[in-house]
Amino acid sequence: MQVDSNRLAVRILGWGAFFAGLMAGAFILSKAFVFPEIFQLHYNGYGLLSAIATLLTIVLLVRMVSGKSHSEEASWFMLVLFGDILFAGGEALQRFSATASGAIFWSQVSGIGIPLIAIGLFLFAASYTKPPEARLGVVAPLFIAVAMLVGLFYSEGNLLFNNDPSQMHLFPWGYNSEIGPAFILSVLWAGILSAAAALMLIIFSRTNRNHLLRKQSLLYF
């Protein structure tokens, strides 16, 4: 029964990622027709590290998805990887952008990955340690919905970052914008959930009787 539920969770996450990819592709193409400058790119060495990290994360995610055995923990860790691809990939393309409008668009894509990474880390830790107070059946959909809401606030309007191209500043590492009045909310969201995930893993490593699991839980740091 546990194996079936794990397979179902992975299947749902896989189809969700597939449709999310289609929606993201359609969104990017629609933006490209209206704002073709988002694909006006040039080389910037400051974005190279993020680009390499994106490629490595894509390879790792593909290997995990194509693997024969999956678990609930692996499903949530794949959500972390998906968020990291959005974050690092968007950040790299922001550095490579030759126009302010293009940099804003890719920074919005990057920003959507931040709340997904945070919630993925929390749900991974909750699944791995399985504390009694964690009710993932209720918590997971709620947190994912809130994560997407935070991403929406990030990508639309000027709440977290100023998305006015005229207010962008060009630095050697690319275009950057000023933070908005609600930027602290994004920091708190990522910080609190990441700290909660770390705390669960630390407590688990100190209280679990299985020596191998205790050592394994510390590897995630």
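Contact here means heavy atoms within 4.5 Å. The legends below describe a predicted model.

**View 1. Overall fold of the protein chain, with seven helices and two strands.** Along the sequence, the elements run in the pattern α-α-α-α-α-β-β-α-α. The chain has 221 residues, and 38% of them count as buried. Its accessible surface amounts to about 12900 Å², with 72% of that area belonging to carbon and sulfur atoms. Among contacts with a separation of 6 or more, 67% link residues 24 or more positions apart.

**View 2. Packing of helix α2 (residues 48-66) against helix α3 (residues 72-96).** The two axes come within 8 Å and cross at roughly 155 degrees. Angles over 145 degrees count as roughly antiparallel, and α2 and α3 are therefore roughly antiparallel to each other. The crossing of α2 past α3 is left-handed.

**View 3. Residues at the contact of α2 with α3.** On the α2 side, the contact is made by L48, S50, A51, T54, T57, I58, L60, L61, M64 and V65. On the α3 side, it is made by A74, F77, M78, L81, F82, D84, I85, A88, G89, E91, A92 and F96. By class, the residues of this contact are 16 nonpolar, four polar and two charged. Among the nonpolar residues of the contact are L48 of α2 and F96 of α3, while D84 and E91 of α3 are the charged ones.

**View 4. Surroundings of G83 in helix α3.** The relative accessibility of G83 is 0%, so G83 counts as buried. Setting aside neighbours within four places in sequence, G83 is in contact with G113, L116 and I117. A118 lies 35 residues from G83 in sequence, and the C-alpha atoms of G83 and A118 are 8.6 Å apart in space.

**View 5. Surroundings of Q94, also a residue of helix α3.** Residues under 20% relative accessible area are classed as buried; Q94 has 8% relative accessibility and therefore counts as buried. Not counting residues up to four places away in sequence, Q94 touches A103, W106, S107, Y175 and N176.

Note on methods: Residues numbered from 1 in each chain as written. Predicted model: local features only at pLDDT ≥ 70, side-chain atom pairs only at ≥ 80, totals over all residues. Heavy atoms only, no water. Helix = DSSP H or I, 4+ residues; strand = E, 2+ residues; numbered from the N terminus. Buried < 20%, exposed > 50% of the residue type's maximum accessible area, 1.4 Å probe, protein only. Areas by Shrake-Rupley, 256 points an atom, 1.4 Å probe, with all protein chains shown as cover. Axes fitted to C-alpha atoms, helices over the stretch in contact; angles between N-to-C directions. Parallel < 35°, antiparallel > 145°, perpendicular 65-115°, else oblique. Left-handed = near helix turned anticlockwise from the far one by under 90°.
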